[in-house]
Amino acid sequence: MKIILFGAPGSGKGTQADMLAKEFDLEKISLGDILRQEVKKESDLGREVKQYMDKGELVPDSTVKDVIDANLAEDNFILDGYPRNGQQAQTLNDILKKRDSSIDAFIYLDVSQETIVDRLSKRRVCKKCGANYHLNTMPPKEDNICDQCSAELVQRDDDTPEVIKKRWNVFLANSKEVFDFYKKKNVFISVDGDQDKEKVFEQVKEKLEAREQ
Ligand code: AMP
């Protein structure tokens, strides 16, 4: 199964991608995570992409294309954070076509702006392993300490109110062309992402299983 998970920043893509990857034995490919690792390593790519990430802007399509091509598994994957505009959707389509392959489902997590601001401003991530927390709904057992690896929890550099607003606007500007692309391909699934994560997960699963019959 080849799945795309799409939604605004803070829509819960990362959390749902982890849950779906586990349930259906898929490889999760998160472009944001890959880019953040490059920034941390201070590689040439990391230095190039940091300037865009810090401002909440998309990294140029030509740069992320090679990253995706290099990291995309042959089958059984879930893509989190790619594609994010119509050009990237076309690029992904071309990469898969060369492999005689195509996307099976495009899942849109539909979330209100209120929920987004709440989730992003209260999100904390582990400095070391990248695990995600929410101060109210998914707090760590011990304040500011990761449950999984005991490293410190921090706020992402791009989770500040100003950059959140920018990322939301980037999402609004690009989402329609992505929706149109996958609606035409007949793989579009929409789920109410304002619900708690278990309910969202159940709905996604139901809709995916209904497609398979
Ligand atoms: P995310 O972790 O998915 O919220 O992504 C964080 C940042 O990484 C974004 O604000 C962009 O700067 C960059 N990024 C992630 N995915 C993409 C993409 N598909 N195209 C361009 N830039 C991206």
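Colleague: Which residues gather in a patch of negative charge on the surface?
Modeller: In this predicted model, the patch consists of D75, D104, E206, E209 and E212.

Colleague: Where is E209 placed, and in which helix?
Modeller: E209 belongs to helix α8, which covers residues 197–212. Its relative accessible area is 34%, so E209 is classed as partly exposed.

Colleague: Changing topic, how many disulfides does the structure hold?
Modeller: The structure has zero disulfides.

Colleague: Why is there no bond at C126?
Modeller: The closest cysteine sulfur to that of C126 belongs to C149 and is 3.5 Å away, which is too far for a bond. A disulfide would require the two sulfur atoms to be within 2.5 Å. C126 itself is buried, at 4% relative accessible area.

Colleague: And what about the sulfur of C129?
Modeller: For C129 the closest cysteine sulfur is in C126, at 3.8 Å, again too far for a bond. C129 is partly exposed, with 41% relative accessibility.

Colleague: How many salt bridges are there?
Modeller: The count is 17. One of them joins K205 and E23, with N and O 3.5 Å apart. This pair links distant parts of the chain, since K205 is in helix α8 and E23 in helix α1 (residues 13–24), 182 residues apart.

Colleague: Is K205 buried or exposed?
Modeller: K205 is buried, at 15% relative accessibility, whereas E23 is partly exposed at 40%.

Colleague: Which residues are linked in a network of salt bridges?
Modeller: The network contains R123, R156, D158, D159 and R167. Within it, D159 pairs with R123 at 2.9 Å between the closest N and O atoms. R156 also meets D158 at 2.9 Å, and both of these residues are buried.

How values were computed. Residues are numbered from 1 along each chain as its sequence is written. This is a predicted model: local features need pLDDT of at least 70, side-chain atom pairs count only at pLDDT 80 or more; totals for chains, interfaces and linings use all residues. Side-chain values use heavy atoms; hydrogens and water are left out. Patches are made of residues with over 30% relative accessible area and no salt bridge: like charges are joined within 9 Å, nonpolar side chains (Val, Leu, Ile, Met, Phe, Trp, Tyr) within 5 Å. Accessible areas come from the Shrake-Rupley method with a 1.4 Å probe; for residues, only the protein chains shown count as cover. A salt bridge is a side-chain nitrogen of Lys or Arg within 4 Å of a carboxyl oxygen of Asp or Glu. Lys and Arg count as positive and Asp and Glu as negative; His and the chain ends are not counted. The place of a charge is taken as NZ of Lys, CZ of Arg, CG of Asp or CD of Glu. Helices (H or I, at least four residues) and strands (E, at least two) are DSSP runs, numbered from the N terminus. Buried means under 20% relative accessible area, exposed over 50%, partly exposed in between (1.4 Å probe, protein chains only).
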